[in-house]
Amino acid sequence: MKKKLNNRYKKKTLTYKFIANCSKVYYKKNEYIGLENLPDEPCIITGNHSKLHGPINAELYFPTKKLIWCDEPMMNKKEFIGYAYKTFFNGKPNFFHKIGMHILAPIVANVMSSADSLPVYRDMRIMKTYKATTEAINNGLNVVILPECTEEYNEITNCFNEYFVDAARFYYKHYQKELLFVPMYYSVRLKKMVFGKPIRFDSKNSIDEERKRICAYLMDEITKIAKTLPRHVVVPFNNVDKSQYKYSK
């Protein structure tokens with residue numbers, strides 16, 4: 001029996017609606033390529049981050065019903081400030097950064113809690129994330145995960161934090177179904193979102209094997225997708241100066 005999703009994922013606050021409408025002035029709707037690669041069954045869609053552009057664009061315009069993995073401190077005004085110092089300012093915020101983050105904290109928490117976001121915990125509470133992911137997929141939603149970490153893989157994408165693959169193992173234990181992972185590449189400059197051919201979780205393999213196998217496939221496919229597009233500037237995950245941005249080929 002399918003469970004009813006928590007209302008948090010359905011209701012939109014006035015603050016969310018205002019910010020979303022303002023964002024659409026800057027973020028225009030993408031061209032979607034490879035929609036035929038999205039399976040009929042719910043799946044996990046995995047892509048590059050492009051700083052904040054990837055998740056914002058996915059929130060505003062994603063072509064299917066979805067939830068997006070989001071670090072839990074982004075949804076918690078008490079935790080957001082310390083998270084922002086570390087994530088956005090490399091742990092060295094100046095006076096104005098600190099003032100700005102204190103002002104933004106309640107706004108960001110309000111918007112992110114109202115968005116199509118699924119909280120991700122980076123500690124023992126990660127099981128809550130896997131459980132919520134399983135619940136969402138069982139209710140027919142795709143789950144979007146942008147799992148890049150700070151280590152560079154190539155000029156297109158950083159390495160993936162491979163533990164997101166464990167969500168498929170958790171799902172299999174509950175429903176004996178092997179999930180599909182779909183690679184996705186988003187180009188800010190080209191305004192294109194491209195979906196590649198999926199790979200299916202194999203329950204017969206060890207979880208260590210599956211983490212490596214699935215991540216390698218997804219990172220390589222995302223790289224291939226990017227290189228099939230016209231030459232363009234790749235917006236990286238890392239918070240670096242624009243002079244350090246690289247080209248796709």
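**A walk through the predicted model**

Lys 191 is partly exposed, with a relative accessible area of 38%. That is a friendly place to step into this structure, which is a predicted model. Lys 191 sits in the loop between β8 and β9 (192-195), and its phi is near 55 degrees, a positive value in a residue other than glycine. On the other side of β8, the loop between α6 (166-175) and β8 (180-187) holds Gln 176. Here too phi is positive, near 55 degrees, in a residue other than glycine. Gln 176 has a relative accessible area of 52%, and because the cut-off for exposed is over 50%, Gln 176 counts as exposed.

From these loops, let us move to strand β5, residues 142-145, which is covered on both faces. Asn 142 and Val 144 point to one side, Val 143 and Ile 145 to the other, and all four are buried. The pattern follows a simple rule: in a regular strand the side chains alternate between the two faces of the sheet.

Which strands pair with β5? One is β2 (residues 44-47), which runs parallel to β5 and is joined to it by three bridges. Another is β3, also paired with β5 in the parallel sense, again over three bridges. Val 144 makes a handy landmark for finding both pairings on your screen: Ile 45 stands opposite Val 144, and so does Ile 68.

Strand β3 also leads us to the charged side chains. Side chains of opposite charge can pair when their charged atoms come close, and the structure holds 14 salt bridges. One of them joins Lys 66 to Asp 116, with 2.8 Å from N to O. Lys 66 belongs to β3 (residues 66-71), while Asp 116 lies in the loop between α4 (95-114) and β4 (117-120), so this contact ties together parts of the chain that are 50 residues apart in sequence. Are the two partners buried or exposed? Lys 66 is buried, at 9% relative accessibility, and Asp 116 is buried as well, at 14%.

Next, look for Glu 152 and Lys 246, which form a salt bridge whose closest N and O atoms are 3.0 Å apart. This pair links distant parts of the chain, with Glu 152 in strand β6 (residues 148-152) and Lys 246 in strand β12 (residues 246-247), 94 residues apart. Both partners are in the middle range of accessibility: Glu 152 is partly exposed at 45%, and Lys 246 is partly exposed at 36%.

Our last stop is helix α6, the element that comes before the loop of Gln 176. Within α6, Asp 166 and Arg 169 lie three residues apart, about one turn of the helix. Their side chains meet in a salt bridge, with 3.6 Å from N to O. How do the two partners stand in accessibility? Asp 166 is buried, at 5% relative accessibility, whereas Arg 169 is partly exposed at 33%. The pair also belongs to a network of salt bridges, in which Asp 166 and Arg 169 are linked with Asp 208 and Arg 211.

Note on methods: Residues are numbered from 1 along each chain as its sequence is written. This is a predicted model: local features need pLDDT of at least 70, side-chain atom pairs count only at pLDDT 80 or more; totals for chains, interfaces and linings use all residues. Side-chain values use heavy atoms; hydrogens and water are left out. Helices (H or I, at least four residues) and strands (E, at least two) are DSSP runs, numbered from the N terminus. Buried means under 20% relative accessible area, exposed over 50%, partly exposed in between (1.4 Å probe, protein chains only). A salt bridge is a side-chain nitrogen of Lys or Arg within 4 Å of a carboxyl oxygen of Asp or Glu. Two strands pair if DSSP finds at least two bridges between them.
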